[in-house]
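Trainee: I would like a close look at one part of this model. Please take the salt bridges, then work outward to the surroundings.

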Amino acid sequence: MVVKNQKLSPAALSAGLKQKSQTFARNFQNVCAAAKEQGFSGIAKLLWQDLFGGRSLSQWLYLIALSSLPFILEFTSGQEQHDWLGLFASWTGIVCVILVAEGRASNYLFGAVNSAIYLILSFQASFYGEVLTTVYFFIMQPIGLYTWLSNRVNEQDKTEPSHFEAKKLDWRGWLKYLALTALIWIGMGFAYKSIHSHRPFRDSVTDATNGIGQLLMTGLYREQWIFWIATNLFSIYLWWGSNLHIQAMYWVYTLNSIVGWYQWTKAVKKA
């Protein structure tokens with residue numbers, strides 16, 4: 001017998017929420033217990049292994065080559081004053097996205113620092129859409145770190161320093177996230193228009209693509225890289241002629257997003 005238009009009762013919804021909250025509390029306690037068991041020295045060792053362990057020679061060369069670009073640009077541009085803030089923002093951002101592509105939880109540490117610096121630069125440039133997006137990014141860093149650590153502690157039989165399990169969206173997931181992208185773009189566009197922004201729906205583009213990209217990244221979905229590519233290309237246009245370091249950073253982001261898509265696609269096939 002097929003039951004149509006079945007709706008959950010308030011009691012069932014309450015039970016479902018209670019179960020999810022209990023699962024979250026249990027997983028959070030497991031993460032805290034694992035951290036306490038490791039201690040400061042153990043956590044430092046795991047962080048060191050996550051940052052430097054299990055990387056091939058080609059990956060080292062890729063990391064060194066791309067992360068060196070901000071320094072090369074800074075010291076060969078011929079400018080009288082060095083843009084240290086832009087340099088550090090570019091460097092931390094590039095290292096962060098490379099660590100994401102490699103599936104390393106330490107990316108969130110670099111992401112938090114990069115978000116803080118980028119927030120200052122965006123505010124100085126009056127890119128208020130970028131400001132709001134960066135605030136969201138900064139808040140999502142500890143949430144994303146917890147999600148990755150919880151997945152490692154609660155769902156894996158053995159904890160590996162650089163282990164992650166990539167997933168892919170089905171067609172229902174695509175519809176959901178595309179609809180959410182459009183909703184954020186339109187909603188934030190009207191919000192910016194209400195405060196008399198000169199480019200309301202242009203500013204809201206990266207709000208949508210960044211927001212969905214971060215959600216997919218936190219959920220370990222491969223499709224995050226498509227949203228990152230869209231974000232990066234639009235951001236290159238946004239910062240064109242404004243800040244050399246930020247432009248270069250987004251060009252590197254675009255290249256790394258393509259590499260990330262390739263690496264995560266291989267990880268999905270192995271899962």
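Mentor: What follows starts with the charged pairs and then moves to single residues in the helices.

Keep in mind that this is a predicted model. The count comes to 3 salt bridges.

Start with glutamate 102 and arginine 55. Their side chains meet in a salt bridge, 2.8 Å from N to O. Where do the two partners sit? Glutamate 102 is in the loop between α3 and α4, while arginine 55 is in the loop between α1 (10-52) and α2 (57-76), so this pair ties together parts that are 47 residues apart in sequence. Is glutamate 102 buried or exposed? Glutamate 102 has 12% relative accessibility, so it counts as buried. The cut-off for buried is under 20% relative accessible area. Arginine 55 comes out at 10%, so it is buried too.

Glutamate 102 has another partner. The side chain of arginine 104 meets that of glutamate 102 in a salt bridge of 2.6 Å, N to O. Arginine 104 and glutamate 102 are both buried. Put the pieces together: Arg55, Glu102 and Arg104 are linked in a network of salt bridges.

Next comes the pair of glutamate 223 and arginine 222. Their side chains meet in a salt bridge at 2.9 Å, N to O. Glutamate 223 has a relative accessible area of 1%, so it is buried. Arginine 222 counts as buried because its relative accessibility is 14%.

Now the polar side chains in the helices. Asparagine 114 lies in helix α4, residues 107-124. Its relative accessibility is 11%, so asparagine 114 counts as buried. What does its side chain reach? The side chain of asparagine 114 reaches the backbone oxygen of alanine 89 at 2.6 Å. Set aside neighbours within four places in sequence, and asparagine 114 is in contact with Ala89, Thr92, Gly93, Met249 and Tyr253. Alanine 89 therefore appears both as the polar partner and in the contact list, where contact means heavy atoms within 4.5 Å.

Glutamine 141 can be read in a similar way. Its place is in helix α5, residues 128-155. Glutamine 141 is buried, with a relative accessible area of 6%. A polar atom of its side chain lies 2.9 Å from the backbone oxygen of phenylalanine 137. Leaving out residues up to four places away in sequence, glutamine 141 touches Tyr108, Gly111, Ala112, Ser115 and Gln214.

Then the cysteines. How many disulfides does a search of the whole structure find? The search finds 0. Cysteine 32 is partly exposed, at 38% relative accessible area. Cysteine 96 is buried, at 11%.

Finish with the surface. Phe71, Phe75 and Trp84 form a nonpolar patch there, with about 350 Å² of accessible area together. Tryptophan 84 belongs to helix α3, residues 84-101. Alanine 191 is in helix α6, residues 171-194. With 33% relative accessibility, alanine 191 counts as partly exposed. The C-alpha atoms of alanine 191 and tryptophan 91 are separated by 32 Å, and the two residues are 100 residues apart along the chain.

To return to your request, the network holds Arg55, Glu102 and Arg104, and the pair of glutamate 223 and arginine 222 forms a salt bridge as well.

Technical notes:
Residues are numbered from 1 along each chain as its sequence is written. This is a predicted model: local features need pLDDT of at least 70, side-chain atom pairs count only at pLDDT 80 or more; totals for chains, interfaces and linings use all residues. Side-chain values use heavy atoms; hydrogens and water are left out. Patches are made of residues with over 30% relative accessible area and no salt bridge: like charges are joined within 9 Å, nonpolar side chains (Val, Leu, Ile, Met, Phe, Trp, Tyr) within 5 Å. Accessible areas come from the Shrake-Rupley method with a 1.4 Å probe; for residues, only the protein chains shown count as cover. A salt bridge is a side-chain nitrogen of Lys or Arg within 4 Å of a carboxyl oxygen of Asp or Glu. Helices (H or I, at least four residues) and strands (E, at least two) are DSSP runs, numbered from the N terminus. Buried means under 20% relative accessible area, exposed over 50%, partly exposed in between (1.4 Å probe, protein chains only). A polar contact is a pair of N or O atoms within 3.5 Å; within protein, one must be able to donate a hydrogen and the other to accept it, and residues adjacent in sequence count only if both atoms are side-chain atoms. A disulfide is a pair of cysteine sulfur atoms within 2.5 Å.
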